[in-house]
Amino acid sequence: MMKKIVVVGSSNTDLIIKVPEIPRPGETLLGGEFMTFPGGKGANQAVAAARAGGDVVFIASVGDDTYGTEAIKGYKLDNINTEDIKICKGVPSGIAMITISERGENAITVASGANANLYPADLEEAEEPFEEADYMLIQLETPLETVQKAVELCSELNTRVILNPAPAAELSIDILKHVSIITPNETEAESLTGIMVRDELTAAGAADSLHKRGVETVIITMGASGAYLSDPGSGIRKIIPGFKVKALDTTAAGDVFNGQLAVSLAEGESLEKAVVLAHAAAALSVQKLGAQSSIPRREETFSYLEEKLNQ
């Protein structure tokens, strides 16, 4: 039976330009290839969870424009339940301008558009998906008061919460105390704790800071180094290595990691195995261009992991 995942978050359209390197302030670069892809951290995570085998409900807000209409069509192709996506009249859908260098690095600027119109009241109207879900996955591209309402609903309904605190923002104890698992990268961990994460020791310090504020499990993604997993309940405190690949586009790597993580945990995998599977899915995604277009399907991830473990 497919495990139910509710994803609350953003829906954007990514406007991408490929350039030799990320331009400096005031610099103009010519010759870049232009592409358009569906994106948004919430949407990417919803698609990642669906392709990983989850039964996904996506709660979001889009404009009554072509970008919003096409986004919903795409979610339906991945069998995502879109009944609770809000359509805002007279408001543009979210847009992300993404510059990608030849080394796979990216710089992203987001115009929130309709994402800013996802309100706490919208979640109250969609309470049933929260009650039925094994996990809720949420990020920070929607208003913080909406994030707080979502985690409070999950707390009331005993639904476990995975918070990907991206983009980086200050978070109150009122939000963090309801979070089961938090998945910052190094920059986001530093923003939350004031500790610069450079290695296993500093990652442990940042994790301890988050545990003290009520978070059960901390997973700090550390790029090529892997991910630092801290779970006092099981006694696990260590870096779980990732897979070394040649990156073409890292835009959705964190989102793919989180989507796969949520499904693996909902299916009963251990934290360590879930992180390894999340690494595998993310490694596959960075080898392709685009956000949702790069997200692997369940069979690809398991096949890739089996191949790597047998090497």
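These legends walk you through several close-up views of one predicted model.

Residues are numbered from 1 along each chain as its sequence is written, and side-chain values use heavy atoms, with hydrogens and water left out. Because the model is predicted, local features need pLDDT of at least 70 and side-chain atom pairs count only at pLDDT 80 or more, while totals for chains, interfaces and linings use all residues.

**View 1. The open sheet has eight strands.** Helices (H or I, at least four residues) and strands (E, at least two) are DSSP runs, numbered from the N terminus. Two strands pair if DSSP finds at least two bridges between them. Follow the order S4-S1-S9-S10-S11-S12-S13-S14, and you will meet mixed pairing along the way. Strand S4 (55-59) and S14 stand at the edges with a single partner strand each, so one side of each has no neighbour in the sheet. S13 and S14 pair in the antiparallel sense over five bridges, and one match to look for is Ser230 with its bridge partner Arg237 in S14. Helix H1 (residues 41-51) packs on this sheet, touching strand S1 (4-8), S4 and strand S9 (135-138). The direction of H1 makes about 170° with that of S4; axes are lines fitted to C-alpha atoms, for helices over the stretch in contact, and angles run from 0 to 180 degrees between N-to-C directions. Helix H10 (residues 271-285) lies across S11, S12, S13 and S14, and runs at about 20° to S14.

**View 2. Strand S7 (residues 94-100) pairs with S2 and with S8.** Why is S7 described as largely enclosed by the rest of the structure? Six of its seven residues are buried, where buried means under 20% relative accessible area, exposed over 50%, and partly exposed in between (1.4 Å probe, protein chains only). Strand S2 (residues 12-18) runs parallel to S7, joined by seven bridges. Strand S8 (residues 106-111) pairs with S7 in the antiparallel sense over six bridges. Find Thr99 in S7: Ile17 is its bridge partner, and Thr99 also stands opposite Ala107 in S8. S7 and S8 form a hairpin with five residues between them, and Gly104 in the turn has a positive phi of about 90°.

**View 3. Helix H8 covers residues 200-212.** Its 13 residues reach 18 Å from the first C-alpha to the last, close to the 18 Å expected at 1.5 Å a residue; the expected span is 1.5 Å times one less than the number of residues. At the start of H8, a side-chain oxygen of Asp199 comes to within 3.3 Å of the backbone nitrogen of Leu201. Buried residues of H8 include Thr202, Ala203, Leu210 and His211. The buried residues pack against strand S11 (181-182), helix H7 (186-193), strand S12 (217-221), strand S13 (227-231) and strand S14 (236-240). After H8 comes Gly214, with a positive phi near 105°.

**View 4. Met222 sits in the loop between S12 and S13.** Is Met222 buried or exposed? Met222 is buried, with a relative accessible area of 4%. Contact means heavy atoms within 4.5 Å, and leaving out residues up to four places away in sequence, Met222 touches Glu186, Val197, Arg198, Asp199, Ala203, Ala227, Tyr228 and Ile239.

**View 5. The largest nonpolar core has 43 residues.** A nonpolar core is a set of buried Ala, Val, Leu, Ile, Met, Phe, Trp, Tyr and Cys residues joined through side-chain atoms within 4.5 Å. Phe58 and Leu261 have the most contacts inside this core. Helix H9 (residues 253-266) gives the largest share, seven residues. Another core of 37 residues lies apart from it, with Met136, Leu140, Val147 and Ala203 among them. In soluble globular proteins, nonpolar side chains tend to be buried together.

**View 6. Some loops hold backbone details worth a look.** The peptide bond from Ala166 to Pro167 is cis, with omega near -5°, and Pro167 lies in the loop between strand S10 (160-163) and H6. Asn79 has a positive phi of about 60° although it is not a glycine; Asn79 is in the loop between helix H2 (66-77) and strand S6 (86-88), and is exposed, with a relative accessible area of 67%. Asn158 also has a positive phi of about 60° without being a glycine. Look for Asn158 in the loop between helix H5 (144-157) and S10, where it is exposed with a relative accessible area of 71%.

Definitions and conventions. Polar contact = N/O pair within 3.5 Å; in protein donor to acceptor, adjacent residues only side chain to side chain.
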